[in-house]
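The following exercises are to be worked with the sequence and the model at hand. Each task is followed by a solution in steps.

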Amino acid sequence: MRLLLIDDEPDIRAIATLALERIGGWTVVGAGSADEALAAASGETPDIVLLDVMMPGLDGPATLERLRPVLGVQVPVVFLTAKAQPGDVERLMALGAAGVIAKPFDPLRLSSEVDAVIGRSSR
Amino acid sequence: VRYVLELDRLAALRSLDILDTPPEERFDRIARLAAALFDVPITLVSLMAEERQWHKACVGPLEAETPRALTFCQYTIETPQPLIIPDTHLDERFVTHPMVIGEPHIRFYAGHPLSTVDGYRVGTLCVIDTRPRDFGPEQVALLHDLSRIAEDELNHTELSQALAAWRTSEQRFRAVFQDTAIGMTLVDRDGLFVEVNPAFSAMIGISDDDLRGLPVMAVTHPGDHDQARPRMAALIAGEIDGYRQERRYVRPDGSMFWGAITASLLRDAEGLPDLAIGMVEDISDRKEMERIKDELVSVVGHELRTPLTSIRGSLGLLEAGVAGELPGEAAKMVRIARENTERLVRLVNETLDLERLQHGRVDVDPRPVAPSELLDATAKVVQPFADEQGVELTWAADDLELLVDPDRIVQALVNLIANAVKFSPAASCVHTSIERDGERALVSVVDAGRGIPPDQLEAIFERFRQVDASDRREKGGTGLGLAIVRAIVEQHAGRIWAESEPGKGATFRITLPLHGAGTTIAVYDRRRQRREELTRAVRRHGRPAIAFDSPEALVAAGGGFVAVLVAGASGLDEIAAVAPVLEVDAAEDLETRVDELLEGLER
């Protein structure tokens, strides 16, 4: 299963990638910006997208707008955000997200959080 | 005693500063009047110095002074009564007196003592004749009246001395006014500068001449007019005796500075407000330091968070063996690094929390809450930790309703209980209760730990203060927990304190507002900022407040409120059905006005 991870912080990408691959068994493709994400998504379509909200240049919601035509409507997109108050979550869900995961996340539990959001049973 | 009295009398005489002064018409005329009135050849207005009698005014052929021992008047000043000697030849005290047998051949003497305002008899008014005289009660009365007039003149002399002393004192204070580094201003009832000192002129960059007559508002930052104006008005109306305020001033070049003004009221002789006196200190440096400190704490805090998150994440993965099993010693080192990173994360989070709480940047949103709701939420967080430490948690609550922000109070309770558990021996118990205490709720957390020394009972609520410095390492605390609890409690207009007998455990107590206890004020305004200002003002006054953004929400909340404070005017009829309405005019000084309204309510 391919997972596209979009976050401008390379360290966070590295940590999340390790956790998702070793614990969750995902094949992770990393992207540091909207452009990188578009390039990655137009190659082989991912099964799920993890998208950071706060990024320089195009932020998470703007990136999603560009990405959606490439992905199609079926691929679930999960936002990662440091602002996870009820109002913020509502706003992000209204953009068509499948779920929201609060930052900072615990890498040991990240994979099961992703599973919970998309309703996949844990391995 | 007599000697001491004489010294005092001489001091009183000296303070009149009249000895050896030139003749003055005001005394001469009294002497002439006495001579005519009693038809005598000799009259004196005299002062009795240490060794001589000196004549301030004199009618008749006498020297300017007489040795004291040779005078009749030395006896006159001994008593408050006049001394009357109708015929010296018939008085054995005087029959051989040099002035009786020689010049000026005194046969008759009548003298009246002259007193200062303090009652010291410093001189005499006397009338003398060379033939015996009868001096009846009517004449004694006349002499008395005349001596009173002489006394008044003497004391006028004292008045002019007082005036001179006042002038000296005025000069001294003027020098202080001129030379002090603190800006000083006198402002009249119209809010115009009457007088400013050089320090204030220098701060503002306008000469004192140009400042006089200028409105205070002309040099006050427009953004601070709303807070400055009502205070000044209340002071000059005599409603308050003084105030302290921090406000910005603007210079003609457009630059500004922060001033701390301490103002007080100067009343006139009738006790009516006359002038406002202001002392202005330039606190721009302090303000700048505060700003830098706050910014530093905030920026450093947030900048630390990102790298700390990466470090903690990486270490967590390593420790869990996600990147492969670690050899024993490496695993131990990674565990130490991870645990200390956790502590650092907590420290950063709590520092930012405290900073935001102390600056009122955390929204406190009180609502009616049952104790069980608070205790259940708290237990969920602390129970695992208590189990781990082998400490039992017990709970008790009265049937009541608190008016608090549940999230914040749970945060406070978690801190207090975790703290109690940390210092409790295994198999002991930490008991938490919420009960009614008059018009407030009393929350108590009781432990059976080692207790707190009496001299530390207050200090423990300060940042980074623990009973034992080694606690921070051993117990893994940040030293900020209790400071955060205090900040939360204070935001609820509550009080926190600790009680302890060392060796027998400690009890932490908090008071919190009850809902509907005849104390809660509802606040309503459509505008969020105004609503928050009003709410803060009520809480600063020491009452619980609950804010509503619409009349409907207020009506839905039902009763239990003492009054509704409103600044916006719409929907008043609906609101008035809930509780009495207190209105605040938008142009008024909010805090003062809220204080007045609430005090009116309490009377």
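## Exercise 1: The sheet of chain A

Task: Establish the strand order and the sense of pairing in the sheet of chain A, and then place the helices H1 and H4 against it.

Solution. The coordinates are those of a predicted model.

Step 1. In chain A, five strands make up an open sheet, and their order across it is E2-E1-E3-E4-E5, with parallel pairing.

Step 2. The edges of the sheet are strand E2 (27–31) and E5 of chain A, each of which pairs on one side only.

Step 3. On average, neighbouring strands in this sheet are turned by 20° against each other, direction ignored.

Step 4. Helix H1 (residues 10–22) of chain A packs on the sheet and touches strand E1 (2–6), E2 and strand E3 (48–52) of that chain. The direction of H1 makes about 170° with that of E2(A).

Step 5. Helix H4 (residues 86–94) of chain A also packs on the sheet, where it touches E4 and E5 of chain A. The angle between the direction of H4 and that of E5(A) is about 140°.

Step 6. For one pair of strands in detail, take strand E4 (residues 77–81) of chain A and E5(A), which are joined in the parallel sense over four bridges. Within E5(A), A:Ala102 stands opposite A:Thr81.

## Exercise 2: Chain A as a whole

Task: Which pattern do helices and strands follow along chain A, and what percentage of its 123 residues is buried?

Solution.

Step 1. Count the elements: chain A has five helices and five strands.

Step 2. Read them along the sequence; the pattern is β-α-β-α-β-α-β-α-β-α.

Step 3. Apply the cut-off for burial, which is a relative accessible area under 20%. Of the 123 residues in chain A, 46% are buried.

Step 4. Turn to the exposed area of chain A, which comes to about 5900 Å², with carbon and sulfur atoms supplying 52% of it.

Step 5. Consider the contacts in chain A between residues at least 6 apart in sequence: 63% of them join residues at least 24 apart.

## Exercise 3: Backbone features in both chains

Task: Where do the cis peptide bonds to A:Pro104 and B:Pro104 lie, and which loop of chain B holds B:Asp17 and B:Asp20?

Solution.

Step 1. In chain A, the peptide bond between A:Lys103 and A:Pro104 is cis, with omega about 0°. A:Pro104 belongs to the loop between strand E5 (99–102) and helix H5 (107–118) of chain A.

Step 2. In chain B, a cis peptide bond links B:Glu103 to B:Pro104, again with omega about 0°. The loop that contains B:Pro104 runs between helix H4 (98–101) and strand E5 (108–115) of chain B.

Step 3. Inspect phi next. B:Asp17, a residue other than glycine, has a positive phi near 55°. B:Asp20 is not a glycine either, and its phi is positive at about 60°.

Step 4. B:Asp17 is placed in the loop between helix H1 (2–16) and helix H2 (25–38) of chain B. B:Asp20 is likewise in the loop between H1 and H2 of chain B.

## Exercise 4: Enclosed space

Task: How many cavities of 30 Å³ or more does the whole structure hold, and which residues are closest to the centre of the largest cavity?

Solution.

Step 1. The search of the whole structure yields two cavities of 30 Å³ or more.

Step 2. The largest cavity has a volume of about 100 Å³.

Step 3. Its lining comprises 14 residues, of which B:Leu44, B:Gln53, B:Met99, B:Ile106 and B:Ile128 are the closest to the centre.

Step 4. Strand E2 (52–59) and strand E6 (121–129) of chain B are the elements that give two or more residues to the lining of the largest cavity.

Note on methods: Residues numbered from 1 in each chain as written. Chains lettered and ligands numbered in written order. Predicted model: local features only at pLDDT ≥ 70, side-chain atom pairs only at ≥ 80, totals over all residues. Heavy atoms only, no water. Buried < 20%, exposed > 50% of the residue type's maximum accessible area, 1.4 Å probe, protein only. Contact = heavy atoms within 4.5 Å. Areas by Shrake-Rupley, 256 points an atom, 1.4 Å probe, with all protein chains shown as cover. Pairing = 2+ DSSP bridges. Axes fitted to C-alpha atoms, helices over the stretch in contact; angles between N-to-C directions. 1 Å grid on protein atoms, 1.4 Å probe; cavity = no way out; pocket = protein on both sides within 12 Å on 5 of 7 lines; lining within 4 Å. Points joined across faces, edges and corners; volume = space filled by probe spheres on them.
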